[in-house]
Every structure is written in structure tokens, then in C-alpha cells.
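User: I have a model open and would like to talk through its side-chain packing and charge pairs. Could you take me through it step by step?

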Amino acid sequence: MLKYQGGDHMAFEVLYMRHKDKVYSYISNRLHKADDIEDLFQKVFTKFHKSRRLYDPKYEVLPWIYTVTKSEFLDFIKKKKVATAEFDEKIHTHHKANDTDLIDIQSEEVLTQKEKDAIELRYINDNDFLEISSLLSTTETNARKIISRGLSKLKKKYRGAKSWIRTIM
């Protein structure tokens, strides 16, 4: 990114090739019309190019690109007035969790102790990533990675189980 900020346009090609699939996936998971997906995808990389001088090298590039993507997505929704569904609590609260739906994070053998603690802090205690990083004596970025890695392990273990994510959150 520093090379791109300095004027090396081949560096943009490298960044684009490295991150285009992630950005496209983020957008296509939120929009369904192909034209809208393509329009927004182009807008993201246009904004990425125009705001390259604002990038702060103390942060990683991918989270910055996701921030640009999310910002453009929200602007797109506002401008296009994309139809969204109202959250209806009656529809989404019909399932009452019972003891067989719940998992005990601390007894999950697929997780390291740090992953167990991080997931519990995030989803049971509702701590933010800054608080979690402080409690685990790590960086905020690493706290996110620990949680992500742990959730991936749980997802792999419970794939096929009808409500594994609801039990965590």
C-alpha cells in the first residue's frame, strides 16, 4: 500500500488481485442484483483509489478496504433506497433455546483455552474487541483473529447442526 501511495500503480494491481474476491463476496452476500453488485464493486475500488492518500500504514490494508466497502455499501443503500426487510421480533423469537441447543464453550475440546475465553468474552459477556484484547493481553487485531479461528473450528465441528450459531450468540 505504501508503494501505491507513493505513485507505483503496479502496486494497485497487486492489491486489487489480492483483495477483489473478498470485496466481491462481501457485496454479493448483501445485494442480489448483478448490476447493483457490479456498480458497487466499481465504486469501492474507485473510492479506494481516490482515498489512497488517507490510508494510515499503522493499520492493515484489508480492514481498511472493508471499511471503504461498508461505507460505500451504506451510501449505495441510501441512494438506491434498496428494499430492506423490517425486523419482526415475533418471527425471529419463535425458537426457544433449550438445554440440548446450548453448547458449553469451556468444554469444547476443539478450541484452545484462549479461543474459549475470547468467544465467551465476546458472545456471553458482550465485551468489545478492545476489552477482550486487554483481558487476554494481546492486540485488538489478534483478539479478532482468535475469535474468528475459534468460530471456524466450531462451525466445522457443528456443520449440519441446525442452529450452531444461535447457540453461540
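Analyst: Happy to; what follows is a set of questions and answers on this predicted model.

User: Let's begin with the packing. Which helices each supply at least two residues of the largest nonpolar core?

Analyst: The largest nonpolar core has 17 residues, and those touching the most other members are Val23, Ile27, Leu31, Leu40, Val44, Phe45 and Phe48. At least two residues of this core come from each of helix H2 (9-28), helix H3 (34-50) and helix H4 (61-80). The names you want are therefore H2, H3 and H4.

User: How many residues are in the second, separate core?

Analyst: Among the members of that second core are Leu111, Leu121, Ile146 and Tyr158. It is separate from the one we just discussed, and its residue count is 14.

User: Back to Ile27. Which residues is it in contact with, leaving aside neighbours within four places in sequence?

Analyst: Ile27 is one of the core residues that touch the most other members. Setting aside its neighbours within four places in sequence, the contacts of Ile27 are Ile37, Leu40, Phe41, Val44 and Thr69.

User: Now the aromatics. Is the pair of Tyr24 and Phe41 stacked, tilted or edge-to-face?

Analyst: This is one of two aromatic pairs in the structure. Tyr24 in helix H2 and Phe41 in helix H3 are 17 residues apart, so the pair links distant parts of the chain. The ring centres are 5.6 Å apart and the planes stand at 75 degrees. Planes over 60 degrees apart count as edge-to-face, so the pair is edge-to-face.

User: Which of those two, Tyr24 or Phe41, is buried?

Analyst: The cut-off for buried is under 20% relative accessible area. Tyr24 has 32% and is partly exposed. Phe41 has 10%, so the buried residue is Phe41.

User: And what is the geometry of the pair Tyr26 and Tyr66?

Analyst: Tyr26 lies in helix H2 and Tyr66 in helix H4, 40 residues apart. Tyr26 is buried at 16% relative accessibility, whereas Tyr66 is partly exposed at 28%. Their ring centres are 5.7 Å apart with planes at 50 degrees, so the pair is tilted.

User: Which residue has its charged end over the ring of Tyr26?

Analyst: The ring of Tyr26 also pairs with that of Tyr66. Over the ring of Tyr26, 3.7 Å from its centre, sits the charged end of Arg30.

User: How far is Arg122 from the ring centre of Phe129?

Analyst: Here too a charged residue and a ring come together, with Arg122 over the face of Phe129. The distance from Arg122 to the ring centre is 4.2 Å.

User: Is Asp36 buried or exposed?

Analyst: Asp36 is found in helix H3. Beyond its neighbours within four places in sequence, Asp36 is in contact with Leu31, Phe76 and Lys80. Its relative accessibility is 10%, and the cut-off is under 20%, so Asp36 counts as buried.

User: With which side chain does that of Glu72 make a polar contact?

Analyst: Glu72 is in helix H4 and counts as buried at 12% relative accessibility. Apart from neighbours within four places in sequence, Glu72 is in contact with Leu40, Lys43, Val44 and Lys47. The polar contact, at 3.5 Å, is with the side chain of Lys47.

User: On to salt bridges. Which residue pairs with Lys157?

Analyst: There are four salt bridges in total. Lys157 is in helix H8 (residues 140-158), and its partner, 49 residues apart, is in the loop between helix H5 (89-92) and helix H6 (113-124). Lys157 is partly exposed at 43%, while the partner is buried at 4%. The N to O distance is 2.6 Å, and the partner is Glu108.

User: How many residues apart in sequence are Lys153 and Glu115?

Analyst: These side chains form a salt bridge at 2.9 Å, N to O. Lys153 is partly exposed at 28%, but Glu115 is buried at 2%. Lys153 lies in helix H8 and Glu115 in helix H6, so the bridge ties together parts of the chain whose separation in residues is 38.

User: Last one: which helix holds both Glu140 and Arg144?

Analyst: Glu140 and Arg144 meet in a salt bridge at 3.8 Å, N to O. Glu140 is partly exposed at 34%, and Arg144 is partly exposed at 42%. The two are four residues apart, about one turn of the helix, and both lie in H8.

Conventions. Residues numbered from 1 in each chain as written. Predicted model: local features only at pLDDT ≥ 70, side-chain atom pairs only at ≥ 80, totals over all residues. Heavy atoms only, no water. Core = buried A, V, L, I, M, F, W, Y, C linked by side-chain atoms within 4.5 Å. Buried < 20%, exposed > 50% of the residue type's maximum accessible area, 1.4 Å probe, protein only. Contact = heavy atoms within 4.5 Å. Phe/Tyr/Trp six-rings, centres within 6.5 Å; stacked < 30°, edge-to-face > 60°. Lys NZ or Arg CZ within 6 Å of the ring centre and 35° of its normal. Polar contact = N/O pair within 3.5 Å; in protein donor to acceptor, adjacent residues only side chain to side chain.
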